[in-house]
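This report covers fold, core, aromatic pairing and surface. Please look over the sequence and the model before reading on.

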Amino acid sequence: MEATAAAEILVNMGLVAGTVEAIKRAMGPAFSTERFGPLLALAVGVGLAQGGAYAGWYDTTPGMAVLQGLIAGLSASGLYRTVTRQA
């Protein structure tokens with residue numbers, strides 16, 4: 001993995017974490033964070049990575065964008081859980 005791909009994943013991870021948190025707050029307490037939070041993070045991660053690749057923000061192919069989105073979604077989901085459980 002090149003340095004640019006790693007940087008793209010880190011940028012996407014930050015975008016995913018913020019977007020997922022905004023969606024969770026907008027949906028209110030009826031949304032099961034424990035049950036559907038990681039799935040939401042994966043979907044948002046892949047969506048943002050594909051959108052970024054299509055718009056030309058990320059220099060990657062669509063197949064690699066899916067992989068980068070999965071990595072970013074799983075990472076953002078894990079980071080959010082770790083931070084909220086430590087606090």
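## Terms and model

A residue counts as buried under 20% relative accessible area, as exposed over 50%, and as partly exposed in between. The model described here is predicted.

## Overall fold

The protein has 3 helices and 0 strands. Along the sequence, the pattern reads α-α-α. Of its 87 residues, 31% are buried.

Take the contacts between residues at least 6 apart in sequence. Of these, 67% link residues at least 24 apart. The protein exposes about 5,400 Å², and 68% of that area comes from carbon and sulfur atoms.

## Nonpolar core

In soluble globular proteins, nonpolar side chains tend to be buried together. Which residues make up the largest nonpolar core here? There are 10 residues: I9, M13, V16, V20, F31, L40, A41, V44, A72 and A76. Three elements each give two or more residues to this core: α1 (3-27), α2 (33-55) and α3 (62-86). Helix α1 supplies the largest share, with 4 residues.

L40 belongs to this core. Leave aside its neighbours within four places in sequence, and L40 is in contact with V20, I23, K24 and F31. Two of these partners, V20 and F31, are themselves core members.

## Aromatic pair

How many aromatic pairs does the whole structure hold? The search finds 1. The partners are F31 and F36, with ring centres 6.4 Å apart. Their planes meet at 40°, so the pair is tilted. That angle lies between the cut-offs of 30 degrees for stacked and 60 for edge-to-face.

Are the two partners buried or partly exposed? F31 has a relative accessible area of 15%, so this residue is buried. F36 has 37%, so this one is partly exposed. F31 thus takes part in the pair, in the largest nonpolar core and in a contact with L40.

## Surface patch

A nonpolar patch lies on the surface, formed by M64, L67 and I71. Together these residues have about 230 Å² of accessible area.

I71 sits in helix α3. Why does I71 count as partly exposed? Its relative accessibility is 31%. Partly exposed spans the range between under 20% and over 50%, so I71 falls in that class. Helix α3 therefore holds a patch member, I71, and also gives two or more residues to the largest nonpolar core.

How values were computed:
Residues are numbered from 1 along each chain as its sequence is written. This is a predicted model: local features need pLDDT of at least 70, side-chain atom pairs count only at pLDDT 80 or more; totals for chains, interfaces and linings use all residues. Side-chain values use heavy atoms; hydrogens and water are left out. A nonpolar core is a set of buried Ala, Val, Leu, Ile, Met, Phe, Trp, Tyr and Cys residues joined through side-chain atoms within 4.5 Å. Buried means under 20% relative accessible area, exposed over 50%, partly exposed in between (1.4 Å probe, protein chains only). Contact means heavy atoms within 4.5 Å. Patches are made of residues with over 30% relative accessible area and no salt bridge: like charges are joined within 9 Å, nonpolar side chains (Val, Leu, Ile, Met, Phe, Trp, Tyr) within 5 Å. Accessible areas come from the Shrake-Rupley method with a 1.4 Å probe; for residues, only the protein chains shown count as cover. A salt bridge is a side-chain nitrogen of Lys or Arg within 4 Å of a carboxyl oxygen of Asp or Glu. Rings of Phe, Tyr and Trp (its six-membered ring) pair if their centres lie within 6.5 Å; planes under 30 degrees apart count as stacked, over 60 as edge-to-face and the rest as tilted.
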